[in-house]
Amino acid sequence: MADEVKLYGFRGSPYGCRVEIALNLKGIEYEFIQEDLSDKSADLIKYNPVHKKIPVLMHNGKPISESLVVVEYIDDVWKGVPILPRDAHEKARARFWAKFIDDKCIPAVFKALGSHGQEQAVAEAQEQLQFLENELKGNKFFGGDNINLVDISATYLAYWLGGAEEAIGIKVLTKDKFPKLTEWCENFVNCQTVKDTLIPREILVAFYKKRFGKA
Amino acid sequence: MSSIEQSEVVVLGWWPSMFYARVRIALAEKGINYEYVEEDLPDNKSPLLLKHNPIYKKVPVLIHKGKSICESKIIIQYIDETWKEGYPLLPSDPYLKSQAAFWADYIDKHIYKGANMVVNSKGEEMQKGVEEFLGYLKVLERELGEKPYFNGESFGFVDMALICYYSSFVASEIIGNFSIEKHCPKLAVWATQCLKRESVSKALADPKKVYDLLIAYRKKTGLEE
């Protein structure tokens, strides 16, 4: 019996993107259902009653939500290209960094953007980004030669951050401070499995200009 | 070589930490022997802790054959994947596993925040904190439903994730002057069931000691006379 895979998402959401990248890596065919976030569908509320948020993956009628939970579920169910390392310790390390990105890095970056580049906020965001810069070591991706859970978790940093920086007119992820991360961003967005999920940059920048009151 | 360096499994913890309690429960369920290092927190972190958790500098840390694993939920998953025999900590079914991950995540995002809101405030702000905290607990009450455990018929990952907060809940109830049982009777029954497990009762910090610690903190920060 063929798998029925649906993704409730919003084009332009970095969290939805995480899931799409994972689906692409595994070569899974799915139906994308665009949600109107100002008028959420009855289905979305039914399938994610706790948070009422996208993305929600429906697999053969069963809903899974929270983007990193979904990505791990995808890796668990579908073999093929691995998203998590197989070694238990390496797997734990990947989970640690994915969680760090969500718990520490992205919130600090949001704060720096929200403050429109206030010095202290930018310094704190850069402190967190430095950990990622160091973690890349000599590798193309956090996963080594190929992208893994950590790279997928950092999707926002690879593309959305640049769009927001341009819209506001500030720079948090600077090339001089973060040469490896800067290169990683370029490499990551050029992966075929990632490229197909991204909305055009002009649309992203326009969205952020409106969001940050710069339009 | 010190005994720490010789031990295959070492845990860095701190007695009132609910996250450390969580790891203790997991190791006990699997019957794993380990060397325990009590950290002198919050102000006197050991070189071992700083070496093995340089990013967060927090407990718990599991050191297995010299390699460190940090973050309690990640540690439990590691324990389950490494020591495959013994009690299963997570479901093997991918869907059930994803649901367990979802709820453990919910607990750490909302329950932790909710309990903190009660303990770190006073007066009207505390009342709001209590209401918000109970709101989050009611979501869990609904999720538990009529099941004996969040995991179903047997104790599992989500149960471990929540029961480790027990001692701090008891302390919060006294500080905030409210009753969890009154609003979430099923959770109260569930907690009693969990406490019957030796792995749980031995892992949890004495609620009275946790209460004393929290009161001392509240007095120090001017939240309590």
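In the predicted model, helix H1 of chain A (residues 14-26) lies across strands S1 (5-9), S2 and S3 of that chain and runs at about 155° to S1(A). Contact here means heavy atoms within 4.5 Å. Axes are lines fitted to C-alpha atoms, for helices over the stretch in contact, and angles run from 0 to 180 degrees between N-to-C directions. Helices (H or I, at least four residues) and strands (E, at least two) are DSSP runs, numbered from the N terminus. The model being predicted, local features need pLDDT of at least 70 and side-chain atom pairs count only at pLDDT 80 or more, while totals for chains, interfaces and linings use all residues; side-chain values use heavy atoms, with hydrogens and water left out. Residues are numbered from 1 along each chain as its sequence is written, and chains are lettered from A and ligands numbered from 1 in the order in which they are written.

The strands of chain A form an open sheet of four in the order S2-S1-S3-S4, with mixed pairing. Two strands are taken to pair if DSSP finds at least two bridges between them. The edges of the chain A sheet are S2 (31-34) and S4, each of which pairs on one side only. From one strand to the next, the twist averages 20°. S3 (residues 56-59) and S4 (residues 62-65) of chain A are antiparallel and share four bridges. Within this pair, Val56(A) is opposite Ser65(A), and Met58(A) is opposite Pro63(A). The two strands make a hairpin with two residues between them, and Asn60(A) in the turn has a positive phi of about 50°.

The loop between helix H2 (42-47) and S3 of chain A contains Pro55(A). The peptide bond from Ile54(A) to Pro55(A) is cis, with omega near 0°. Lys52(A) is also placed in the loop between H2 and S3 of chain A; this residue has a positive phi of about 55° although it is not a glycine.

In chain B, an open sheet of four strands with mixed pairing has the order S2-S1-S3-S4. Its edge strands are S2 (35-38) and S4, each paired on one side only. Neighbouring strands of the chain B sheet are turned by 20° against each other on average, direction ignored. S1 (residues 9-13) and S3 (residues 61-64) of chain B pair in the antiparallel sense over four bridges, and Val11(B) has Leu62(B) in S3(B) as its bridge partner. A cis peptide bond, with omega about 5°, joins Leu41(B) and Pro42(B). Pro42(B) belongs to the loop between S2 and helix H3 (47-52) of chain B.

The contact between the chains involves 25 residues of chain A and 26 residues of chain B. Together the two chains bury about 2200 Å², of which 68% is on carbon and sulfur atoms. Buried area is the accessible area (1.4 Å probe) that two parts lose on being put together, summed over both. On the chain B side, the residues losing the most area to chain A are Ile55(B), Tyr95(B) and Phe102(B), together 28% of what that side buries.

The rule for polar contacts finds five residue pairs across this interface, both residues being at pLDDT 80 or more. A polar contact is a pair of N or O atoms within 3.5 Å; within protein, one must be able to donate a hydrogen and the other to accept it, and residues adjacent in sequence count only if both atoms are side-chain atoms. The elements giving two or more residues to the side of chain B that touches chain A are S4 (67-70), H4 (72-82) and H5 (94-119) of chain B. H5(B) supplies the largest share of that side, 12 residues. By class, the same side has 13 nonpolar, six polar and seven charged residues. In this classification Ala, Val, Leu, Ile, Met, Phe, Trp, Tyr, Cys and Pro count as nonpolar, Asp, Glu, Lys and Arg as charged, and the others, Gly among them, as polar.

A salt bridge is a side-chain nitrogen of Lys or Arg within 4 Å of a carboxyl oxygen of Asp or Glu. The count is 25 over all chains, and four salt bridges are found between chain B and chain A. One salt bridge joins the side chains of Glu81(B) and Arg95(A), at 3.2 Å from N to O. Another is formed by Lys109(B) and Glu66(A), with the closest N and O atoms 3.8 Å apart. This pair crosses between chains, from helix H5 of chain B to the loop between S4 and helix H3 (67-77) of chain A.
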